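Got the viewer open? Let's take a short tour, one selection at a time.

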Amino acid sequence: LMQRATAMPPRKTHYFDETEPVQNRVYKSLKSKLNGQMLEDIEEAFGTLESCQAVYERIIDLRIATPQIIINYAKFLEENNYFENAFKTYEKGIALFKWPIVNEIWTVYLVKFLNRYGGKKLERARDLFEQCLENCPSKFAMKLYLLYAKLEEQYGLPRHAMNIYNRATAAVERHEMYSMFNIYIKKAKSMYGLTHSRPIYEHAIEVLPEDQSRAMSIEFAEMERKLGEIDRARAIYAH
């Protein structure tokens with residue numbers, strides 16, 4: 001009955017037009033009120049696996065799904081061991097929404113994919129991150145770049161991770177740049193040694209706001225002092 005009620009009418013419908021068939025008016029009401037959540041709750045409670053999938057798919061086809069409905073559907077499929085179908089559901093949701101609304105779907109999708117496959121499907125994971133970051137607003141960039149870099153650190157190549165950290169310094173919001181540079185510098189030191197962080201410090205000092213640039217200069221000079229490079233440290237302080 002619910003599936004019949006949500007079948008798409010062949011033309012535009014006015015809800016208060018009493019000459020319209022009831023089915024068309026129900027569809028209009030559901031779409032205008034976004035009652036897809038109600039349909040999925042009813043079907044999950046009383047339906048079969050197949051009928052539940054049919055309702056979710058109909059909600060997506062009618063374009064009345066919300067990000068939460070997409071996530072719920074994917075979770076439902078995962079719980080029934082349909083993992084690849086769950087990932088396809090996230091992709092359908094990504095196709096429906098734009099930033100910033102799609103942020104929640106992308107975040108859950110990437111975390112679920114990494115939890116499922118780890119480094120077993122590395123190229124596919126890289127493709128997903130690149131798709132995600134292509135139009136990602138700076139407001140959401142930091143956590144996604146850090147997740148991407150973590151993937152490369154655990155399963156990929158250190159130089160790939162360094163490249164991602166470098167990209168992140170330019171992609172995040174301005175007030176996050178200082179923190180992002182500090183993370184980048186720390187990773188460079190741990191992976192390649194202290195001296196590898198020099199060009200990162202120099203770049204950070206050039207692009208950060210004045211007060212943060214000054215703080216970064218002090219950190220840079222202190223590192224050079226610890227390395228015994230007194231002349232370098234003096235030059236940084238003088239700059």
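**Stop one: a serine and its neighbours**

Start by selecting Ser-197 and showing whatever surrounds this residue. Leaving aside residues up to four places away in sequence, Ser-197 touches Ile-185, Lys-189 and Met-223. Keep in mind that you're looking at a predicted model.

Now show the ribbon: Ser-197 sits in the loop that runs between α11 (177-192) and α12 (198-207). Is Ser-197 buried or exposed? Ser-197 counts as buried because its relative accessibility is 0%, and the cut-off for buried is under 20%. Next, add Leu-194 to the selection and draw a distance to its backbone oxygen: a polar atom of the Ser-197 side chain lies 2.6 Å from that oxygen.

**Stop two: helix α4**

Jump to residues 49-61, which make up helix α4, with 13 residues. From the first C-alpha to the last, α4 reaches 18 Å, close to the 18 Å expected at 1.5 Å a residue. Colour by accessibility and pick out the buried residues of α4: Leu-49, Ser-51, Cys-52, Gln-53, Val-55, Tyr-56, Ile-59 and Ile-60. Then step past the helix to Arg-63, which follows α4 and has a positive phi, near 60°.

**Stop three: a pair of glycines**

Last selection: Gly-119, found in the loop between α7 (103-117) and α8 (122-134). With a relative accessibility of 29%, Gly-119 counts as partly exposed. Add Gly-156 and check the C-alpha to C-alpha distance: the two glycines are 37 residues apart along the chain, and their C-alpha atoms are separated by 7.7 Å.

Notes
Residues numbered from 1 in each chain as written. Predicted model: local features only at pLDDT ≥ 70, side-chain atom pairs only at ≥ 80, totals over all residues. Heavy atoms only, no water. Helix = DSSP H or I, 4+ residues; strand = E, 2+ residues; numbered from the N terminus. Buried < 20%, exposed > 50% of the residue type's maximum accessible area, 1.4 Å probe, protein only. Polar contact = N/O pair within 3.5 Å; in protein donor to acceptor, adjacent residues only side chain to side chain. Contact = heavy atoms within 4.5 Å. Expected span 1.5 Å × (residues − 1).
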